[in-house]
Amino acid sequence: MTLPFASRSHTFTNPITALFTASFVTGLVVDTSNYWSFLGQLIILFIQVGCLDI
């Protein structure tokens, strides 16, 4: 989540921002649809599905 390919701006992401987005995905830290690239959103999806034990 901190690597450049995960954000739309192709810059490194602050680890705190990545941690809160990956664990809560509420949009409190950043707007998920505008901040993360498609690959970043796919990573978030895999994290959320993994939390559901699917």
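# Close-up views of a predicted three-helix model

Buried residues make up 26% of the 54 residues in the protein, and the views below show several of these residues together with some that are partly exposed or exposed. The model is a predicted one, and the legends should be read with that in mind.

**View 1. The whole chain is built from 3 helices and 0 strands.** Followed from the N terminus, the elements of the protein run α-α-α. The mean pLDDT of the protein is 78, and 78% of its residues reach 70 or more. Among the elements, helix 1, which covers residues 15-24, has the lowest mean pLDDT, at 76, while helix 3, which covers residues 38-51, has the highest, at 82. The accessible surface comes to about 3700 Å², and carbon and sulfur atoms account for 71% of that surface. When contacts between residues at least 6 apart in sequence are considered, 42% of them join residues at least 24 apart.

**View 2. The largest nonpolar core brings together 6 residues, namely M1, A6, A18, V30, W36 and I44.** One of these members, A6, is in contact with M1, W36, S37 and G40 once its neighbours within four places in sequence are left aside. Another member, W36, has a relative accessibility of 0% and therefore counts as buried. V30, also part of this core, is taken up again in View 5.

**View 3. S7, in the segment before helix 1, is shown with its surroundings.** Is S7 buried or exposed? Its relative accessibility is 0%, which lies under the 20% cut-off, so S7 counts as buried. A polar atom of the S7 side chain lies 3.1 Å from the backbone oxygen of T11. If neighbours within four places in sequence are left aside, the residues in contact with S7 are T13, Y35, W36 and S37.

**View 4. Y35 and W36 form an aromatic pair, and the count of such pairs comes to 1.** How are the two rings of Y35 and W36 arranged, stacked or edge-to-face? The pair is edge-to-face, with 4.8 Å from centre to centre and 85 degrees between the planes. The two partners can also be described by their accessibility: Y35 counts as partly exposed because its relative accessibility is 26%, whereas W36 counts as buried because its relative accessibility is 0%. Both Y35 and W36 are among the residues in contact with S7, which links this view to the previous one.

**View 5. V30 lies in the loop between helix 1 and helix 2, the latter covering residues 32-35.** Although V30 is placed in a loop, its relative accessibility is 17%, which is under 20%, and V30 therefore counts as buried. Not counting residues up to four places away in sequence, V30 touches T17, T21, Y35 and W36. The C-alpha atoms of V30 and F20 are 9.3 Å apart in space, and these two residues are 10 residues apart in sequence.

**View 6. T21, one of the residues touched by V30, has its place in helix 1.** The relative accessible area of T21 is 4%, so T21 is buried. Along the chain T21 and T32 are 11 residues apart, and their C-alpha atoms are separated by 7.8 Å.

**View 7. H10, like S7, is found in the segment before helix 1.** The backbone of H10 has a positive phi of about 60 degrees, although H10 is not a glycine. With a relative accessible area of 56%, which is over the 50% cut-off, H10 counts as exposed, whereas S7, in that segment as well, counts as buried at 0%.

Technical notes: Residues are numbered from 1 along each chain as its sequence is written. This is a predicted model: local features need pLDDT of at least 70, side-chain atom pairs count only at pLDDT 80 or more; totals for chains, interfaces and linings use all residues. Side-chain values use heavy atoms; hydrogens and water are left out. pLDDT is the predictor's confidence in each residue, from 0 to 100. Helices (H or I, at least four residues) and strands (E, at least two) are DSSP runs, numbered from the N terminus. Buried means under 20% relative accessible area, exposed over 50%, partly exposed in between (1.4 Å probe, protein chains only). A polar contact is a pair of N or O atoms within 3.5 Å; within protein, one must be able to donate a hydrogen and the other to accept it, and residues adjacent in sequence count only if both atoms are side-chain atoms. Contact means heavy atoms within 4.5 Å. Rings of Phe, Tyr and Trp (its six-membered ring) pair if their centres lie within 6.5 Å; planes under 30 degrees apart count as stacked, over 60 as edge-to-face and the rest as tilted. A nonpolar core is a set of buried Ala, Val, Leu, Ile, Met, Phe, Trp, Tyr and Cys residues joined through side-chain atoms within 4.5 Å. Accessible areas come from the Shrake-Rupley method with a 1.4 Å probe; for residues, only the protein chains shown count as cover.
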